Structure formats: C-alpha cells, structure tokens
Amino acid sequence: MNVCASPEVLLRVASVGICGSDVHYWWRGRTARFVVEGPLVLGHESSATVVTCGPDVHSLKPGDRVAIEPGVPCRRCEHCRGGRYNVCPHVRFCATPPVDGTLTRYYVHPADFCFK
Ligand SMILES: [Zn+2]
Ligand SMILES: [Zn+2]
C-alpha cells in the first residue's frame, strides 16, 4: 500500500537535531505565540532515506538520502507566488502545533521539500 499522495514521499527518518524550539515546547509547552494544546511530535531538523514515492514524484527514488526542509508553504499566496515562500503566513511547519514533527521512525513529506 502506498501511503503517499501524489507529490509526497514516505521517509525513514535517520537523524533529528533538537532545536531550541523543541526544548521550549518540552519545558514550557510553548514557543513564542505557538502553544501546545495536545499531543505533539517534536523535531524539525532532520535527515532521512526515501522509502516510497507518490505516483507523481520524479525527482527522488527509494534509497535516496535527503535533508527535510520543515516548512511547507501554501504555494498560493502573494508571497509564495512571488518566490518568497519562506515568509508564507500559511506555512505548515514540522513540530509547530498542530503539525507533528519528524522525531519519529517514518514521515510523509512533499517531495520538493526534500533535498538529496
Ligand atoms: Zn530549529
Ligand atoms: Zn503562501
């Protein structure tokens, strides 16, 4: 069974750095304006190996080792369309509530936010 949507890859996580924000979530339950209100998997600085690719993934193949870019932008707002996706106000960021992070064995992520 392929768990990936079209442009996604299933990753086997290899390593995860522990960032200051992870420590703040762990100790205080919050980082800046982001508050943990339910179970949350931490970790967003990660490397992994591709296990499976969604049907429309052509840039990666099983076995490729990648770094995961943890912030996935909306791709539709003015910032994204202008090429400044790093300031997208709608970004979904690994280990920022309510989005689970990568401190786990397997993680599904958009292929274009995984770098060989
Ligand atoms: Zn970090
Ligand atoms: Zn955007």
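Helices and strands are DSSP runs, numbered from the N terminus, with at least four residues for a helix and at least two for a strand. In these terms, T102 sits in the loop between β7 (92-93) and β8. The model described here is predicted, and T102 makes a convenient place to start a tour of it. With a relative accessibility of 1%, T102 counts as buried, because the limit for that class is under 20%. Its surroundings can be listed by setting aside the neighbours within four places in sequence: T102 is then in contact with V13, V16, V41, L42, G43, H44, E45, S46, I68, C94 and Y107.

Two residues in that list, H44 and E45, lead straight to a metal site. The zinc ion (ligand 1) is coordinated by the SG atom of C19, the NE2 atom of H44 and an OE atom of E45, at 2.0 to 2.3 Å. Along the chain, these donors follow the spacing C-x24-H-E. H44 is buried, at 8% relative accessibility, whereas E45 is partly exposed, at 40%. T102 thus touches both H44 and E45, and both of these residues supply donors to the zinc ion (ligand 1).

What holds the other zinc ion, ligand 2? Its protein donors are the SG atoms of C74, C77, C80 and C88, which lie 2.3 to 2.4 Å from the metal. The sequence pattern for the zinc ion (ligand 2) is C-x2-C-x2-C-x7-C. Around this ion, the 4 donor atoms subtend angles of 105 to 115 degrees, and the arrangement is therefore tetrahedral. The reasoning rests on a simple window: four donors count as tetrahedral if all angles lie between 85 and 135 degrees. Two of the cysteines can also be placed by their accessibility. C80 is buried, with a relative accessible area of 11%, and C88 is buried as well, at 5%.

Attention can now turn to charged side chains. How many salt bridges does the structure hold? There are 3, and the residues K61, D64 and K116 are linked in a network of them. Within this network, the side chains of K61 and D64 meet with an N to O distance of 3.0 Å, while those of K116 and D64 meet at 3.8 Å. K116 lies in the segment after β9 (114-115) and D64 in the loop between β4 (45-53) and β5 (65-68), so this pair ties together parts that are 52 residues apart in sequence. The three partners fall into separate accessibility classes: D64 is buried, with a relative accessible area of 8%, K61 is partly exposed at 47%, and K116 is exposed at 66%.

The remaining pair to describe is D112 and R75, which form a salt bridge with their closest N and O atoms 2.6 Å apart. This pair links distant parts of the chain, 37 residues apart: D112 is in the loop between β8 (106-110) and β9, and R75 is in the loop between β6 (71-72) and α2 (78-81). Both side chains belong to partly exposed residues, with a relative accessible area of 42% for D112 and 40% for R75.

Key: Residues are numbered from 1 along each chain as its sequence is written. Chains are lettered from A and ligands numbered from 1 in the order in which they are written. This is a predicted model: local features need pLDDT of at least 70, side-chain atom pairs count only at pLDDT 80 or more; totals for chains, interfaces and linings use all residues. Side-chain values use heavy atoms; hydrogens and water are left out. Donors are N, O and S atoms within 2.8 Å of the metal (3.2 Å for Na, K and Ca); water is not among the atoms, so sites may look incomplete. Four donors count as tetrahedral if all angles lie between 85 and 135 degrees; four count as square planar and six as octahedral if opposite donors are over 155 degrees apart and all others between 65 and 115; anything else is irregular. Buried means under 20% relative accessible area, exposed over 50%, partly exposed in between (1.4 Å probe, protein chains only). A salt bridge is a side-chain nitrogen of Lys or Arg within 4 Å of a carboxyl oxygen of Asp or Glu. Contact means heavy atoms within 4.5 Å.
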